[in-house]
Amino acid sequence: MTSLAAAVAAISHPAYGLDRLWNACCWNSAAAELFCGWLDGDHQRNLLRFVFLEESARRLLPNWQDRARRLLAEFRADFGHTFRDARVTNFINALRAESPLFARTWDDQDVQHRSGGLRDFIHPQLGRLHFEQHSFTLAERSDHKLVLLTPSSGSSTRSDD
């Protein structure tokens, strides 16, 4: 088991690992419960494809378009390290063809380093959920990252508003 998979498995809050194309390479059961339509069941596992193409992401993520734009700006920061990789280029070209919002946002060329902060979700069964996101790059695999969501301080993790 890799160190990333071991870390994800040891965490009780939602946690997942991403590879250079932002495919989830590992996740825990709390993440599968939170990310309906992505990490649960038999779905594709790419975070960008989920956010830009899946209707379930639009329901799960409040202010979906703003979140999608920020997420792509964060991916673009990673792209600077992988732009010579044909798999990454092919992935971007395919997603540009499938999602008009992705294509427009990609052309904006915004860059933002993946940062933490408050993340809200509207879960279909659990209602509104509030988390703090923490992202870590692995020392032994700088093209992979660990994403951890902890209950946000000062507010309930779950609310039905």
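This is a short walk through one predicted protein model, from its overall layout down to a few single residues.

Okay, ground rules. Because the model is predicted, local features need pLDDT of at least 70 and side-chain atom pairs count only at pLDDT 80 or more, while totals for chains, interfaces and linings use all residues. Residues are numbered from 1 along each chain as its sequence is written, and side-chain values use heavy atoms, with hydrogens and water left out.

So, the layout. The protein chain has seven helices and six strands. Those are DSSP runs, numbered from the N terminus: H or I over at least four residues for a helix, E over at least two for a strand. Going along the sequence, you read α-β-β-α-α-α-α-α-α-β-β-β-β. Of the 161 residues in the protein chain, 48% are buried. Buried here means under 20% relative accessible area, exposed is over 50%, and partly exposed is in between, with a 1.4 Å probe and protein chains only. As for contacts, meaning heavy atoms within 4.5 Å: take those between residues at least 6 apart in sequence, and 52% of them join residues at least 24 apart.

Now the early strands. β1 (15-18) and β2 (24-27) pair in the antiparallel sense, over three bridges. To call two strands paired, DSSP has to find at least two bridges between them. One of the bridge partners to look at is G17, which goes with C26 in β2. The hairpin has five residues between the strands, and in it W22 takes a positive phi near 65 degrees. Note that W22 is not a glycine. Is that residue buried or exposed? W22 is buried, at a relative accessible area of 0%.

There's a second positive phi to show you, again in a residue other than glycine: N63, near 55 degrees. N63 sits in the loop between α4 (55-60) and α5. N63 is exposed, with a relative accessible area of 60%, whereas W22 is buried.

Back to C26, since somebody will ask about cysteines. A disulfide is a covalent bond between the sulfur atoms of two cysteines. For the search, that's a pair of cysteine sulfur atoms within 2.5 Å. How many disulfides does a search of the whole structure find? Zero. C25 is in no disulfide, and its nearest cysteine sulfur, on C26, is 4.3 Å away. C26 is in no disulfide either, with the sulfur of C25 as its nearest, at 4.3 Å. On accessibility, C25 counts as partly exposed at 40%, while C26 is buried at 12%.

Next, the other hairpin on my list. Strand β3 (residues 117-123) pairs with strand β4 (residues 127-137), antiparallel, over seven bridges. Three residues make the hairpin connection from β3 to β4. Within that pair, G117 stands opposite Q133 in β4.

Hold on to Q133, as we meet that residue again at the cavity. The method is a 1 Å grid over the protein atoms alone: a cavity is a set of points where a 1.4 Å probe fits but cannot get out, and lining residues have an atom within 4 Å of a point. Grid points are joined across faces, edges and corners, and the volume is the space filled by probe spheres set on the points. That gives one cavity of 30 Å³ or more. The largest cavity holds about 190 Å³ of space. It is lined by 16 residues, and L47, L61, R67, L71 and Q133 are the ones nearest its centre. The elements giving two or more residues to that lining are α3 (47-53), α5 (64-82) and β3. Which element gives the largest share? α5 does, with five residues. By class, the lining has ten nonpolar, one polar and five charged residues. Nonpolar there covers Ala, Val, Leu, Ile, Met, Phe, Trp, Tyr, Cys and Pro; charged is Asp, Glu, Lys and Arg; the others, Gly among them, are polar.

Two last residues. T105 is in helix α7 (residues 100-108) and is buried at 6%. Leaving aside neighbours within four places in sequence, T105 is in contact with R69 and L72. Then D40, in the loop between α2 (29-34) and α3, is partly exposed at 25%. With the neighbours within four places set aside again, D40 is in contact with A32, F35 and R45. D40 and W27 are 13 residues apart in sequence and 9.8 Å apart in space, C-alpha to C-alpha.

That's my list, thanks.

Technical notes:
1 Å grid on protein atoms, 1.4 Å probe; cavity = no way out; pocket = protein on both sides within 12 Å on 5 of 7 lines; lining within 4 Å.
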